[in-house]
Amino acid sequence: STMPPLLSAIANAGRHGVLAKSAVVMERLGQVDTVALDKTGTLTEGTPHLTDLRPLAGAGLTDEALLALAAAAEHPSEHPLARAIVGAARERRLTLADAVDFASVPGQGVRATVDGHTVHVGSPARLLPAAAVAAHAVVRELEEAGRTAMLVLRDGSPVGVLGVADRLRPDAAATVAALTELTGRPPVLLTGDNERAAERLAAEVGITDVHAGLLPQDKVAAVRGWERQGRNVLVVGDGVNDAPALAAAHCGVAMGRAGSDLALETADAVVVRDELATIPSVVRLSRTARRLVI
Ligand code: ADP
Ligand code: MG
């Protein structure tokens, strides 16, 4: 071929299922020595399913009323957790009230007005008042079972807890092993989800360095910290919450199928074939390309 090596590397990456936005990206991928993986949608398939509906005593909601309330508030959100909640409500053919004044806070949850009530659905760590002892017990129970728990507040009071579970990608453990071999250190897990669920999942794939409960800016701070130590960090993520870290890293790669528009736009490269194992392949490929250039 008469293509310059880096361009042919881009073409090769494309054949492996990764779309690189420029030749510079291929060069940077080859320099990576630290990999930070997001959890939901990156290590997991990103299609979580509702597993638990737990109305809290005193609020007077049935399982279905709790689900309908949460689904109405989540309806405008594109987050995988929102899709799990809305999907479960659809399966049960629940009628959803219209939500107004919708707002979402990346890494935390959503807020909307439903039937005249202010409804929050989101991270217990961010929303749960310390005094809500009964809710704490339910959250803890679900998280110990490896689930992501979401709290539902109505007019500021906890009315229920929802649990969702997501499947690990089939190639997650093999990808972690391949990246460990390539960079000389195991990848790090960066997640906004709870520590209990994150640790459990990390142990299954061979990750020991887990940073949980992170807001989008905390992911950025972690990446900047490693870069200051002279490391070249590759961040792999899918969500709006990952976009700032994808931008801050030496190299940012977004998962294409589950990926939010913002993540896809911010990333330097996009995994278009929905396989995590494409990532070690392109790192290997870009190292070969670099040797050809030098
Ligand atoms: P991750 O880093 O694992 O991809 P996120 O940063 O997107 O996760 O979300 C972190 C936490 O914030 C979730 O575990 C959940 O508790 C809460 N959260 C985020 N978005 C939503 C949403 N749309 N509905 C409910 N909870 C949400
Ligand atoms: Mg994610």
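## Surroundings of ligand 1

In this predicted model, ligand 1 is surrounded by 24 residues. Those that come nearest are Thr40, His79, Ser123, Gly192 and Asn241.

Several elements give two or more residues to this shell: helix H3 (39–43), helix H5 (80–91), strand S5 (109–114), strand S6 (117–122) and strand S7 (148–154). Helix H3 provides the largest share, three residues. Sorted by class, the shell around ligand 1 consists of 15 polar, five nonpolar and four charged residues. Both domain 1 (5–45 + 167–293) and domain 2 (49–165) are represented in the shell, with at least three residues from each.

## Two domains and their contact

The domain assignment of the protein gives domain 1, made up of 5–45 and 167–293, and domain 2, which covers 49–165. Taken over C-alpha atoms, the centres of domain 1 and domain 2 are separated by 30 Å.

Where the domains touch, 15 residues of domain 1 are in contact with 11 residues of domain 2. On the domain 1 side, helix H3 and helix H9 (195–205) each supply at least two of the residues. The largest share of that side, three residues, comes from H9. By class, the domain 1 side of the contact has seven polar, five nonpolar and three charged residues. Helix H3 therefore appears in two settings: it gives the largest share of the shell around ligand 1, and it also supplies residues to the side of domain 1 that touches domain 2.

## The seven-stranded sheet

The model contains an open sheet of seven strands. Their order is S1-S13-S12-S11-S2-S9-S10, and the pairing is mixed. Which strands stand at the edges of the sheet? Strand S1 (18–20) and strand S10 (210–211) do; each has a single partner strand, so one side of each is left without a neighbour in the sheet.

In general, the strands of a sheet pair through backbone hydrogen bonds, in either a parallel or an antiparallel sense. Strand S2 (residues 34–38) and strand S11 (residues 233–237) pair in the parallel sense, over four bridges. Within this pair, leucine 37 stands opposite valine 236 in S11.

## A helix across the sheet

Helix H10 (residues 216–228) lies across four strands of the sheet, namely S2, S9 (188–190), S10 and S11. Relative to S11, helix H10 runs at about 160°. The helix thus lies across both members of the parallel pair, S2 and S11, as well as across the edge strand S10.

Methods. Residues are numbered from 1 along each chain as its sequence is written. Chains are lettered from A and ligands numbered from 1 in the order in which they are written. This is a predicted model: local features need pLDDT of at least 70, side-chain atom pairs count only at pLDDT 80 or more; totals for chains, interfaces and linings use all residues. Two strands pair if DSSP finds at least two bridges between them. Two residues are in contact if their C-beta atoms, placed from the backbone, lie within 7 Å. Axes are lines fitted to C-alpha atoms, for helices over the stretch in contact, and angles run from 0 to 180 degrees between N-to-C directions. A residue is near a molecule or strand if its C-beta atom, placed from the backbone, lies within 6 Å of it. Ala, Val, Leu, Ile, Met, Phe, Trp, Tyr, Cys and Pro count as nonpolar, Asp, Glu, Lys and Arg as charged, and the others, Gly among them, as polar. Domain bounds come from an automatic or database domain assignment.
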